[in-house]
Structures are given as structure tokens and as C-alpha cells.
Amino acid sequence: MFAGPIQDLIDELARLPGIGPKSAQRVAFHLLKVPANDVRRLADALVEAKEKVRLCRICFNLADGELCGYCADPRRDGSMICVVQEPPDVIALEKTREFRGLYHVLQGSISPIEGIGPEDLRVAELLERIRGTGAPDETRVEEIILATNPNIEGEATAMYLARLLIPIGLKVTRLASGLPVGGDLEYADEVTLGRAIEGRRAVTG
Ligand SMILES: [Zn+2]
């Protein structure tokens, strides 16, 4: 519809998740209208975040250093690890204020249709974490809470992990039902999610 830089900008914006062609156009025109400094700040923030943010060495949550804020916090309870699919799930669970343990971000879920298997996720790293280094000051992991999404892929991932973890002798729990089925954890409301953690149930092999 447009040509040159205007269309390029619209096309780039339209590639972002949740932004359709109409929104892309609206954002593009907004950016062209605001002072150049505002646009520069946005561009700098994008580049800086992309350069500085990486994955936490322990839990694979987003971090701006070696470790994320949770892994670096000695007040968190290292005997419990809550396993989630993506970094926004951590934020959703933190909002409930029901959980004081640590996290493990799988970076996805098992999906045969999309050809994603356990080897594409951070499963091996989770097992390594559970086994630990054997250092005397190390907290032993006792409970794994499977907080994958309440949909087919999330359930399949949870079942896969349960079969792997129960024989190790760990307490394995799953969030209580009541979460909207088929949805993403990140969109569940705090109260429902809080209750789901509180009422988590043991998974038995
Ligand atoms: Zn971490």
C-alpha cells in the first residue's frame, strides 16, 4: 500500500506476535508522528535488551547477568522447583505470592505435531540440577511442581516429566484443576493460579 521505509516499518511491526496489519499501521504512523528522540529511546531499548538479556545459567529464565533474580536470591527455597514452559509463566506464578521456591524454564513443550521432543527442551538440564553437584552447602531438591500449560502439549510434557522424576524418588506435584483448560498459564488470573498452586496434587506413577 505504501512504499519504501514506511512499508518496511509496517511489515516489521506486523511480524510481532499479537500485532495484525491494522495495529502495525497504527503503531507505524504513531512512531512517525512522535519526536525523533522518543523513537531513538525505543530503538536503543530494543537493541540494549537484545544484547544484555540472556538465559539464566541455572533455570533458563531471562536474566541480565549469569543468574536470574530468583536463582541469585538466597531467601528462595531451593528444595522446591516449579517447572514452567516459558519465562512469562514465572511472572504469572510470582504474582500469586504463593510460591517461594525456584523455577525451571523448559523453553517450550513437547509437541509431536511440531516435531518438538524432550531433547529440544531444557529437560537434561533439569535432571542435572536435581542430581546436583554434591556440594555440602547445596540444598537438596525434594519437590518438583509441574506447572506446564493446561492444554494437550502441556499435559504431555508434565506426564513425560513425571515418568522421569517419580522413579528418582522425588515428590512430583501438578497444579490443581480449575485453570482454564486449553489456555496458557500466563493468562490465568492470579487468584485461580494461586489456588492451583496451593491445592497442587501429587502425581503418581
Ligand atoms: Zn534462574
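**Close-up 1. Helix 5 and the lining of the largest pocket.** In this predicted model, helix 5 gives the largest share of the lining of the largest pocket, namely five residues. Helix 5 covers residues 123-131, and strand 3 (77-84) likewise supplies at least two residues of that lining. In total, 23 residues line the largest pocket, and Ile-58, Leu-102, Arg-129, Glu-138 and Thr-139 are the ones nearest its centre. The volume comes to about 670 Å³. What kinds of residue make up this lining? The split is 10 charged, nine nonpolar and four polar.

**Close-up 2. The second largest pocket, with helix 1 and helix 3.** Here we turn to the pocket that holds about 230 Å³ of space. Two elements, helix 1 (4-14) and helix 3 (36-52), each give two or more residues to its lining. Helix 3 gives the most, with four residues. If you want to pick out the lining of the second largest pocket yourself, look for Leu-9, Glu-12, Leu-13, Arg-15, Leu-16, Leu-31, Val-39, Leu-42, Ala-43 and Leu-46. Sorted by class, eight of the lining residues are nonpolar and two are charged, with no polar ones.

**Close-up 3. Val-39, one of the residues lining the second largest pocket.** Val-39 sits in helix 3. Is Val-39 buried, partly exposed or exposed? Its relative accessibility is 29%, so Val-39 counts as partly exposed. Leaving aside residues up to four places away in sequence, Val-39 touches Leu-31 and Val-34. Leu-31 is also part of the lining of the second largest pocket. For a sense of scale, try finding Ile-113 as well: its C-alpha atom is 40 Å from that of Val-39, and the two residues are 74 apart along the chain.

**Close-up 4. Four cysteines around the zinc ion.** Which atoms hold the zinc ion? The SG atoms of Cys-56, Cys-59, Cys-68 and Cys-71 coordinate the ion, at 2.2 to 2.4 Å. Along the chain, these donors follow the spacing C-x2-C-x8-C-x2-C. The site is tetrahedral, and the angles among its four donor atoms run from 101 to 118°. For comparison, the ideal angle for four tetrahedral donors is 109.5 degrees. Both Cys-59 and Cys-68 are buried.

**Close-up 5. Phe-60, in the loop between strand 1 and strand 2.** Strand 1 takes in residues 54-55, and Phe-60 has its place in the loop that follows, before strand 2. Phe-60 is not a glycine, yet its phi is positive, at about 70°. Most residues other than glycine have a negative phi. With a relative accessibility of 8%, Phe-60 counts as buried.

**Close-up 6. Helix 4 and its surroundings.** Why is helix 4 described as largely enclosed by the rest of the structure? Seven of its 10 residues (the helix runs 87-96) are buried, so there is your reason. The buried ones are Pro-87, Asp-89, Val-90, Ala-92, Leu-93, Glu-94 and Thr-96. Those residues pack against strand 2 (62-63), strand 3, strand 4 (101-105) and helix 7 (190-198).

**Close-up 7. Arg-97, just after helix 4.** Step off the end of helix 4 and you meet Arg-97, whose place is in the loop leading from helix 4 to strand 4. Arg-97 is not a glycine, but its phi is positive, about 60°. Is Arg-97 buried or exposed? Arg-97 is exposed, with a relative accessible area of 75%.

**Close-up 8. Thr-173 and its contacts.** Thr-173 belongs to strand 6, which spans residues 171-174. Its relative accessible area is 2%, so Thr-173 is buried. What does Thr-173 touch, not counting residues up to four places away in sequence? The list is Glu-143, Ile-144, Ile-145, Leu-146, Arg-200, Arg-201, Ala-202 and Val-203.

**Close-up 9. Stepping back to the protein chain.** To place the views above, it helps to know that the chain has seven helices and seven strands. In sequence order, the pattern is α-α-α-β-β-β-α-β-α-β-α-β-α-β. Along the principal axes, the C-alpha atoms fill a box of roughly 60 × 35 × 35 Å. Of the 205 residues, 39% are buried. Among contacts between residues at least 6 apart in sequence, 56% join residues at least 24 apart.

Note on methods: Residues are numbered from 1 along each chain as its sequence is written. This is a predicted model: local features need pLDDT of at least 70, side-chain atom pairs count only at pLDDT 80 or more; totals for chains, interfaces and linings use all residues. Side-chain values use heavy atoms; hydrogens and water are left out. On a 1 Å grid over the protein atoms alone, a cavity is a set of points where a 1.4 Å probe fits but cannot get out, and a pocket is an open set with protein on both sides within 12 Å along at least five of seven lines; lining residues have an atom within 4 Å of a point. Grid points are joined across faces, edges and corners, and a volume is the space filled by probe spheres set on the points. Ala, Val, Leu, Ile, Met, Phe, Trp, Tyr, Cys and Pro count as nonpolar, Asp, Glu, Lys and Arg as charged, and the others, Gly among them, as polar. Donors are N, O and S atoms within 2.8 Å of the metal (3.2 Å for Na, K and Ca); water is not among the atoms, so sites may look incomplete. Four donors count as tetrahedral if all angles lie between 85 and 135 degrees; four count as square planar and six as octahedral if opposite donors are over 155 degrees apart and all others between 65 and 115; anything else is irregular. Buried means under 20% relative accessible area, exposed over 50%, partly exposed in between (1.4 Å probe, protein chains only). Contact means heavy atoms within 4.5 Å.
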